[in-house]
Amino acid sequence: MVSKSSPPAPAPSLLRRIVDIDTAISLRLYTLTHPILPYYFLKTLEISGDGFLFFPLVLSLLLYPLAFSDSKNSNIFLINLLLGGILDLIVIGPLKHLIRRPRPVYNKNMFLSFAVDHWSFPSGHSSRVSMIATLFYLSSDFIRDVLIQLQYDLIVDYLMLIVIGWAATTSCSRVLLGRHFVFDVIAGVLLGILEGLFVFQIFNYVTLTSFFK
């Protein structure tokens, strides 16, 4: 009696291969850095990019017009940040729900703000901090003037480096903390940059249009 050989298993799709590579790289980075980087440092970065800190802070500054000497321009900048944060929620939430990529199995002690936070792709922290850094960069001339007026001359030349460095470090920490895979973070960063560009261009176009009417 001749036994029938089972058909060969189908080759994994390109997407499956990419996901497997992403998973392996992310686990490797997490394993290498987990014993070295202090947890409280990574957790502090996580909190600094959380929406529960971002929205109250921006709203508080908007409701306190004396926060800057130039209240009109400062309000425009703060409204840009607020709109960027709302746009980020509108974009990231549905994408997480649609794609539904599970978070890494080694993700521990994470507080879920919303149901969609159970899913990993794309990284909401990375998109938010990248959106903030983009708006800071695009508004650098205004921010420079404000800092000079407030006599914070020493940090004028370094503020952009600080904000961009914070955004980059916070994004990287999402992998090192075990919250996300590498591709989640890359996608979040790219989406955050696009959100910042979109809000800056659209809002300033509307402002200029209403000004010249």
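## A nine-helix predicted model

Helices α5 and α8 are roughly antiparallel to each other. In this predicted model, the two helices span residues 124–138 for α5 and residues 159–176 for α8, and their axes come within 9 Å. The axes cross at roughly 170°, and the pair is classed as roughly antiparallel because angles over 145 degrees count as such. On the α5 side, the contact is made by His125, Ser126, Val129, Ser130, Ile132, Ala133, Phe136 and Tyr137. On the α8 side, the residues taking part are Leu159, Met160, Val163, Trp166, Ala167, Thr170, Ser171 and Arg174.

### Overall make-up

The protein has nine helices and zero strands. Read from the N terminus, the order of elements is α-α-α-α-α-α-α-α-α. Of the 213 residues, 38% are buried. Among contacts with a separation of 6 or more, 77% involve residues 24 or more positions apart. The accessible surface comes to about 13,300 Å², and carbon and sulfur atoms account for 73% of that surface.

### The loop between α4 and α5

Several local features fall in the loop between α4 and α5. Pro122 lies in this loop, which follows α4 (71–99). The peptide bond that joins Phe121 and Pro122 is cis, with omega at about -5°. Arg100 also has its place in the loop between α4 and α5. The phi angle of Arg100 is near 55°, which is a positive value in a residue other than glycine. With a relative accessible area of 41%, Arg100 is partly exposed. Arg101 belongs to the loop between α4 and α5 too, and appears again below as a salt-bridge partner.

### Salt bridges

Side chains of opposite charge can pair when their charged atoms come close. The protein has six salt bridges. One of them joins Arg101 and Asp22, with the closest N and O atoms 2.7 Å apart. This pair connects the loop between α4 and α5, which holds Arg101, to helix α1, which holds Asp22, and the two residues are 79 residues apart.

Arg101 has a further partner in Asp184, where the closest N and O atoms are 3.0 Å apart. Here the loop between α4 and α5 is linked to helix α9, the site of Asp184, across 83 residues.

Glu46 and Arg179 also form a salt bridge, and their closest N and O atoms are 2.7 Å apart. Glu46 sits in helix α2 (residues 39–48), Arg179 in the loop between α8 and α9, and these positions lie 133 residues apart in the numbering. Both residues belong to a network of salt bridges that links Lys43, Glu46, Arg174 and Arg179. Arg174 is, in addition, one of the α8 residues in the contact with α5.

Residues count as buried when their relative accessible area is under 20%. The table gives the values for the salt-bridge residues described above.

| Residue | Relative accessible area | Class |
|---|---|---|
| Asp22 | 1% | buried |
| Glu46 | 7% | buried |
| Arg101 | 13% | buried |
| Arg179 | 0% | buried |
| Asp184 | 0% | buried |

### A nonpolar surface patch

On the surface, Leu14, Ile18, Phe183, Ile186 and Leu190 form a nonpolar patch. Together these residues have about 460 Å² of accessible area. Two elements, α1 (14–33) and α9 (182–212), each give two or more residues to the nonpolar patch. The largest share, three residues, comes from α9. Phe183 is a patch member placed in helix α9. Its relative accessibility is 34%, so Phe183 counts as partly exposed. Helix α9 also carries Asp184, which is buried at a relative accessible area of 0%.

Notes
Residues numbered from 1 in each chain as written. Predicted model: local features only at pLDDT ≥ 70, side-chain atom pairs only at ≥ 80, totals over all residues. Heavy atoms only, no water. Patch = residues over 30% accessible without salt bridge, like charges linked within 9 Å, V, L, I, M, F, W, Y side chains within 5 Å. Areas by Shrake-Rupley, 256 points an atom, 1.4 Å probe, with all protein chains shown as cover. Salt bridge = Lys/Arg side-chain N within 4 Å of Asp/Glu carboxyl O. Helix = DSSP H or I, 4+ residues; strand = E, 2+ residues; numbered from the N terminus. Buried < 20%, exposed > 50% of the residue type's maximum accessible area, 1.4 Å probe, protein only. Axes fitted to C-alpha atoms, helices over the stretch in contact; angles between N-to-C directions. Parallel < 35°, antiparallel > 145°, perpendicular 65-115°, else oblique. Contact = heavy atoms within 4.5 Å.
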